[in-house]
Amino acid sequence: MLKIGNLEFSSRLLLGTGKYPDFDTQKQAVDVSGTEILTFSVRRMNIFEASQPNFLEKLDISKYTLLPNTAGAKTAKEAVRIAKLAKASGLCDMIKVEVIGCEKTLLPDPIETLKASEELLKEGFIVMPYTSDDVLLAKRLEELGCHAVMPGASPIGSGQGIINPLNLSFIIEQATVPVIVDAGIGTPSDAAIAMELGASGVLLNTAVSGAKEPVKMAKAMKLSIEAGRLGYEAGRIPKKRYATASSPMEGMSLS
């Protein structure tokens, strides 16, 4: 069971809702993914204009917990304003804090992320900051009171997978709140590796919405996250330098 703040979820896959070729494909992908948490950019949604197109319109959002994010914010002040807008619309008290510091790499600004997270915690939000794989920053965010930390596997939308498993493992080892690997996942094997490292969950969007067949990829991600979690819980065998026979040799007669 994935616990974030006072909420509990059976699925460990958090799914983005943008970039799908059409609403029907989006709906089918969401359905087969088994996700219970949908994330989206508040800035992309006309939440106060009922007459405007709504990219969630094909989904029965009563089935899901919505996780608005502050994508587009470049300062803590902007992120807090976007989060309050989402809360005022009645969407959810959860917020993914995203404050981008570099337009080329889309890496988060650590200082502004800390500031925004601190303010939103005071406002009573369930705060889930998107961050780099900086081990100390993840620890500071947890100490601040964040309900989860969300380190990127690699740059947003890059599909490069996990480029620094060592740092991710350090973040996971020290954390007492959920660690959701966010950004850069490209394949089901990437998601499985994240879960095998001990991550609490994976958030992804482009890996599914940008696939040749998004619905099949959504199902593949669901299964890989489940398999990765089971593998982590089961405990892998230690790596050895030389071979070890899988059948016991004791008691075997060679004559």
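Which residues in H6 are buried? They are Asp190, Ala191, Ala192, Ala194 and Met195. Keep in mind that this is a predicted model. The briefing starts with H6 and what sits over it, then moves on to the other helix pairs, the unusual backbone spots, the cysteines and a couple of single residues.

**H6 and its surroundings**

- The cover over the buried residues of H6 includes strand E9, strand E10 (201-204) and helix H8.
- H6 packs against H8 with the two axes 7 Å apart and an angle of about 25° between them.
- That angle is under the 35 degree cut-off, so H6 and H8 count as roughly parallel to each other.
- The crossing of H6 past H8 is right-handed.
- On the H6 side, the residues that meet H8 are Pro188, Ala191, Ala192, Met195 and Glu196.
- Their partners on H8 are Met217, Ala220, Met221, Ser224, Ile225, Gly228, Arg229 and Tyr232.
- Sorted by class, this H6 and H8 contact has nine nonpolar, two polar and two charged residues.
- Ala191, Ala192 and Met195 turn up both among the buried residues of H6 and among those that meet H8.
- Right after H6 comes Gly198, with a positive phi of about 110°.

**H1 against H8**

- H8 (residues 214-234) also packs with H1, at an angle of about 20° and with the axes 8 Å apart.
- H1 and H8 are therefore roughly parallel to each other as well.
- H1 goes past H8 in a right-handed crossing.
- From H1, the contact takes in Thr25, Gln28, Ala29, Val32 and Ser33.
- From H8, it takes in Pro214, Val215, Ala218, Lys219 and Lys222.
- By class, you get five nonpolar, three polar and two charged residues in the contact of H1 with H8.

**H3 against H4**

- Helix H3 (residues 110-122) and helix H4 (residues 135-144) cross at roughly 15°, and their axes come within 10 Å.
- H3 and H4 are therefore another roughly parallel pair.
- Here too, H3 passes H4 in a right-handed crossing.
- Pro110, Thr113, Leu114, Ser117, Glu118 and Leu121 are the H3 residues in this contact.
- They meet Leu137, Arg140, Leu141 and Leu144 of H4.
- The class count for H3 with H4 is six nonpolar, two polar and two charged residues.

**Positive phi outside glycine**

- As background, most residues other than glycine have a negative phi.
- Lys19 goes the other way, with a positive phi of about 75°.
- You'll find Lys19 in the loop between strand E3 (13-16) and helix H1 (23-33).
- Lys19 is exposed, because its relative accessibility is 60%.
- Ala183 is another non-glycine residue with a positive phi, near 90°.
- Ala183 sits in the loop that runs between strand E9 (180-182) and helix H6 (188-196).
- Unlike exposed Lys19, Ala183 is buried, because its relative accessibility is 9%.

**Cysteines**

- No disulfides turn up when the whole structure is searched; the count is zero.
- Cys102 is partly exposed, because its relative accessible area is 28%.
- Cys146 is buried, because its relative accessibility is 2%.

**Two threonines to look at**

- Thr65 belongs to strand E5 (residues 65-69).
- Thr65 counts as buried, because its relative accessible area is 19% and the cut-off is under 20%.
- Setting aside neighbours within four places in sequence, Thr65 is in contact with Leu7, Phe9, Glu36, Ile37, Leu38, Cys92 and Met94.
- Thr244 is in the segment after H8.
- Thr244 counts as exposed, because its relative accessibility is 52% and the cut-off is over 50%.
- From Thr244 to Leu230 is 14 residues in sequence and 24 Å in space, taken C-alpha to C-alpha.

Technical notes:
Residues numbered from 1 in each chain as written. Predicted model: local features only at pLDDT ≥ 70, side-chain atom pairs only at ≥ 80, totals over all residues. Heavy atoms only, no water. Disulfide = S-S within 2.5 Å. Buried < 20%, exposed > 50% of the residue type's maximum accessible area, 1.4 Å probe, protein only. Helix = DSSP H or I, 4+ residues; strand = E, 2+ residues; numbered from the N terminus. Contact = heavy atoms within 4.5 Å. Axes fitted to C-alpha atoms, helices over the stretch in contact; angles between N-to-C directions. Parallel < 35°, antiparallel > 145°, perpendicular 65-115°, else oblique. Left-handed = near helix turned anticlockwise from the far one by under 90°. Nonpolar A, V, L, I, M, F, W, Y, C, P; charged D, E, K, R; others polar.
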